[in-house]
Amino acid sequence: MTTGATVWLTGLPSAGKTTIAQELAGRLRAAGHLVEVLDGDEIREFISAGLGFSRADRHTHVQRVGFLAELLARNGVKALVPVIAPYADSRAAVRGRHEANGTSYVEVHVATPVEVCSVRDVKGLYARQAAGELTGLTGVDDPYEDPEKPDLRIESQHQTVQESAAAVYALLSERGLA
């Protein structure tokens with residue numbers, strides 16, 4: 001059985017979290033690891049349906065994703081979690097649950113500046129916010145609390161997706177998780 005772990009990729013919308021997670025998933029699978037990508041949008045649709053974007057609802061969503069990730073990780077799966085998770089206390093609670101269960105947890109801050117994210121605008125959120133059709137966009141008119149001490153910080157605007165995934169893979173390897 002392989003050692004499981006949660007790799008939480010936090011950052012602004014369109015920072016590159018999911019793209020990096022998908023690339024990393026391929027590398028890990030090629031090396032024989034069991035991998036699941038717990039995409040925040042998919043979890044919202046199926047497990048957190050009905051939750052909004054208030055601070056309390058965002059916290060609940062992050063805790064649900066964190067629970068699923070820890071459950072998978074303690075059963076030998078690499079759970080890759082590209083979820084914004086804008087609040088430090090929510091992320092700390094997830095890390096704490098992992099620590100309490102002796103489950104490996106790695107926090108990766110995909111520290112892409114909002115100016116770059118708004119140009120990427122994969123889902124059209126920044127354009128909708130600029131047009132007045134959307135409020136509460138993380139990093140624009142809703143807060144995002146940068147991780148103070150992530151295990152790894154990636155500035156995706158300065159490297160390729162492959163280089164970003166390789167950096168995460170290298171960290172996992174250093175920790176005996178890849």
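Which side chain of opposite charge is nearest to Asp 121, and how far away is it? In this predicted model, the nearest such side chain is that of Arg 128, at 8.7 Å. Asp 121 is buried and yet has no salt bridge. A salt bridge requires a side-chain nitrogen of Lys or Arg within 4 Å of a carboxyl oxygen of Asp or Glu. Asp 121 lies in the loop that runs between α5 (114-120) and α6 (125-130). Its side chain reaches the backbone nitrogen of Ala 127 at 3.0 Å. When neighbours within four places in sequence are left aside, Asp 121 is in contact with Ser 14, Tyr 126 and Ala 127.

A second buried charged residue is Lys 17, which is placed in helix α1 (residues 17-30). Lys 17 also has no salt bridge, and the nearest side chain of opposite charge, that of Asp 39, is 7.9 Å away. The side chain of Lys 17 reaches a backbone oxygen, that of Leu 12, at 2.7 Å. Residues up to four places away in sequence are not counted in the contacts of Lys 17, which include Leu 9, Thr 10, Pro 82, Val 83, Ile 84 and Val 110.

Val 83, one of the residues touched by Lys 17, belongs to the loop between β3 (78-82) and α4. The relative accessible area of Val 83 is 4%, so this residue is buried, the cut-off being under 20%. Val 83 and Thr 10 are 73 residues apart along the chain, but their C-alpha atoms are separated by 5.6 Å. With residues up to four places away in sequence again not counted, Val 83 touches Trp 8, Leu 9, Thr 10, Gly 11, Lys 17, Leu 38, Gly 40, His 61 and Val 65.

The loop that holds Val 83 leads to α4. Helix α4 comprises 13 residues, 88-100, and spans 18 Å from its first C-alpha to its last, close to the 18 Å expected at 1.5 Å a residue. Its buried residues include Ser 90, Arg 91, Val 94 and His 98. These residues are on the same side of α4 because they cover an arc of only 100° around the axis. The partners against which the buried residues of α4 pack are β1 (5-10), α3 (55-73) and β4 (105-110). On the face turned away from the buried side, α4 carries the exposed residues Glu 99 and Ala 100. After α4 comes Gly 102, which has a positive phi, near 70°.

Terms used: Residues numbered from 1 in each chain as written. Predicted model: local features only at pLDDT ≥ 70, side-chain atom pairs only at ≥ 80, totals over all residues. Heavy atoms only, no water. Helix = DSSP H or I, 4+ residues; strand = E, 2+ residues; numbered from the N terminus. Expected span 1.5 Å × (residues − 1). Buried < 20%, exposed > 50% of the residue type's maximum accessible area, 1.4 Å probe, protein only. Arc of directions from axis to C-beta. Contact = heavy atoms within 4.5 Å. Lys, Arg positive; Asp, Glu negative; His and termini not counted. Polar contact = N/O pair within 3.5 Å; in protein donor to acceptor, adjacent residues only side chain to side chain.
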